[in-house]
Amino acid sequence: MTDTLPLSSLADALHRRRSVRAFTDRPVDPALLADVFATAQRAPSGGNLQPWQATVLTGEPWQAMKDAVAARIAMGREGQQAEYDIYPRGLTEPWDARRFGVGEALYASLGIPREDKRGRLAQFMHNYTGFGAPVMLFLHCSRIMGPPQWADMGMWLQSVMLLLVEQGLASCPQECWAMYGATVRATLGLGDDQILFSGLAIGYADEAAAVNQWPVPRADIEEAIDWRGFA
Ligand SMILES: Cc1cc2nc3c(=O)[nH]c(=O)nc-3n(C[C@H](O)[C@H](O)[C@H](O)COP(=O)(O)O)c2cc1C
């Protein structure tokens with residue numbers, strides 16, 4: 001994910017993108033981001049609603065957000081409601097195993113065993129520093145939007161992530177911010193008519209970090225695609 005590696009295809013960008021959880025402090029040229037967002041506006045959406053709205057922070061506003069959320073976390077979970085159920089309640093198979101599996105692989109890359117609950121929690125809490133990323137994007141939309149428009153937001157998000165790869169940048173989508181959505185929205189000055197979907201940490205990957213190097217598993221294609229009528 002350095003800017004010296006040329007991309008040869010869209011498939012290349014897809015393979016190269018991964019959720020990066022350690023960034024360098026190299027600042028990001030806003031002109032690169034402006035290019036990415038201009039192109040991502042071409043993302044499709046049902047009825048061309050283009051429901052995505054994003055607020056992008058760096059420098060002092062980003063530090064103020066980290067401080068605000070850290071202060072809220074210190075007060076405990078009481079009275080704090082997530083924006084939405086991040087996972088379905090009572091997640092069943094095969095999805096539960098996939099979720100568990102990726103978590104185990106992540107912690108294994110860092111050498112944090114299952115018994116080390118504190119270590120695992122500390123790693124999870126790095127989420128709220130954006131894993132050291134110099135830029136944080138918050139993706140939100142009008143609260144009136146439903147599942148089809150949330151799917152549109154996902155297409156926009158993936159478009160942004162792939163375009164960032166093309167610019168030599170890395171990212172990590174972060175729905176963990178939705179756990180403190182009210183604090184994030186208040187700090188951004190967004191009204192209650194908006195709902196926070198996800199953060200997106202953006203910056204240059206720390207290529208040497210073990211957390212950025214483990215192979216992220218995927219289910220076999222057969223588990224996703226049901227071919228019918230093909231020879
Ligand atoms: C909408 C969305 C929200 C996510 N939220 C988080 C998050 O809060 N923290 C985190 O570490 N990873 C988060 N992830 C990253 C996923 O864990 C990751 O995409 C998945 O394990 C596949 O790994 P890959 O992105 O490296 O291919 C999120 C991904 C998506 C698409």
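Contact is taken here to mean heavy atoms within 4.5 Å. On this basis, in the predicted model, the buried residues of helix H7 pack against E1, H3, E2 and E4. Helix H7 spans residues 181–188, and its buried residues are Gly 181, Thr 183, Val 184, Arg 185 and Leu 188. Immediately after H7, Gly 189 adopts a positive phi of about 75 degrees.

The protein as a whole contains seven helices and four strands, arranged along the sequence in the pattern α-α-β-α-α-α-β-α-β-α-β. Its radius of gyration is 18 Å, which agrees with the value near 17 Å for a compact globule of 231 residues. Along the principal axes, the C-alpha atoms occupy a box of roughly 60 × 45 × 40 Å. Buried residues make up 40% of the 231 residues. Among contacts with a separation of 6 or more, 82% involve residues 24 or more positions apart.

The largest nonpolar core comprises 27 residues, of which Leu 139, Trp 156, Val 160, Leu 164 and Leu 200 touch the most other members. Two or more residues of this core come from each of H2, strand E2 (135–142), H6 and strand E4 (194–203). The greatest contribution is that of H6, with eight residues. With residues up to four places away in sequence not counted, Val 160 touches Val 36, Phe 37, Ala 40 and Leu 200. Another core, of 22 residues, lies apart from the largest one, and Trp 62, Tyr 128, Ala 133 and Ala 205 are among its members.

Met 65 is located in helix H3 and is buried, with a relative accessible area of 0%. Beyond residues up to four places away in sequence, Met 65 touches Leu 57, Phe 138, Trp 177, Val 184, Thr 187 and Leu 188. Val 184 and Leu 188 are also among the buried residues of H7. The C-alpha atoms of Met 65 and Thr 129 are separated by 9.3 Å, although these residues are 64 residues apart along the chain.

Aromatic pairs number eleven in a search of the whole structure. One of these joins Tyr 84 and Trp 150 in an edge-to-face arrangement, at 5.2 Å centre to centre and with 80 degrees between the planes. Tyr 84 belongs to the loop between helix H3 (59–74) and helix H4 (95–109), whereas Trp 150 belongs to helix H6 (residues 147–166), so the pair ties together parts that are 66 residues apart in sequence. Tyr 84 is buried, with a relative accessible area of 17%. The rings of Trp 227 and Phe 230 also form an edge-to-face pair, because their centres are 4.9 Å apart and their planes meet at 85 degrees. Both Trp 227 and Phe 230 are exposed.

One aromatic cluster is formed by Trp 62, Phe 124, Tyr 128, Phe 138, Trp 177 and Tyr 180. Two of its members, Phe 138 and Trp 177, are touched by Met 65, and Trp 62 and Tyr 128 are listed in the core of 22 residues. Arginine side chains are also placed over aromatic rings. Arg 77 lies over the face of Tyr 180, at 4.9 Å from the ring centre, and Arg 26 lies over the face of Tyr 204, at 3.8 Å from the ring centre.

Two serine residues make polar contacts with the backbone. Ser 45 is situated in the loop between helix H2 (30–40) and strand E1 (53–58). This residue, Ser 45, is buried, with a relative accessible area of 13%. The side chain of Ser 45 approaches the backbone nitrogen of Leu 49 at 3.3 Å. When neighbours within four places in sequence are set aside, Ser 45 is in contact with Gln 50, Pro 51, Trp 52 and Asp 152.

Ser 109, by comparison, lies in helix H4, and its side chain reaches the backbone oxygen of Leu 106 at 2.6 Å. Excluding neighbours within four places in sequence, Ser 109 is in contact with Ala 210, Val 211 and Trp 214. The C-alpha atoms of Ser 109 and Pro 215 are 9.5 Å apart, with these positions 106 residues apart along the chain.

Notes. Residues numbered from 1 in each chain as written. Predicted model: local features only at pLDDT ≥ 70, side-chain atom pairs only at ≥ 80, totals over all residues. Heavy atoms only, no water. Buried < 20%, exposed > 50% of the residue type's maximum accessible area, 1.4 Å probe, protein only. Polar contact = N/O pair within 3.5 Å; in protein donor to acceptor, adjacent residues only side chain to side chain. Phe/Tyr/Trp six-rings, centres within 6.5 Å; stacked < 30°, edge-to-face > 60°. Lys NZ or Arg CZ within 6 Å of the ring centre and 35° of its normal. Core = buried A, V, L, I, M, F, W, Y, C linked by side-chain atoms within 4.5 Å. Rg over C-alpha atoms; globule rule 2.2 N^0.38 Å.
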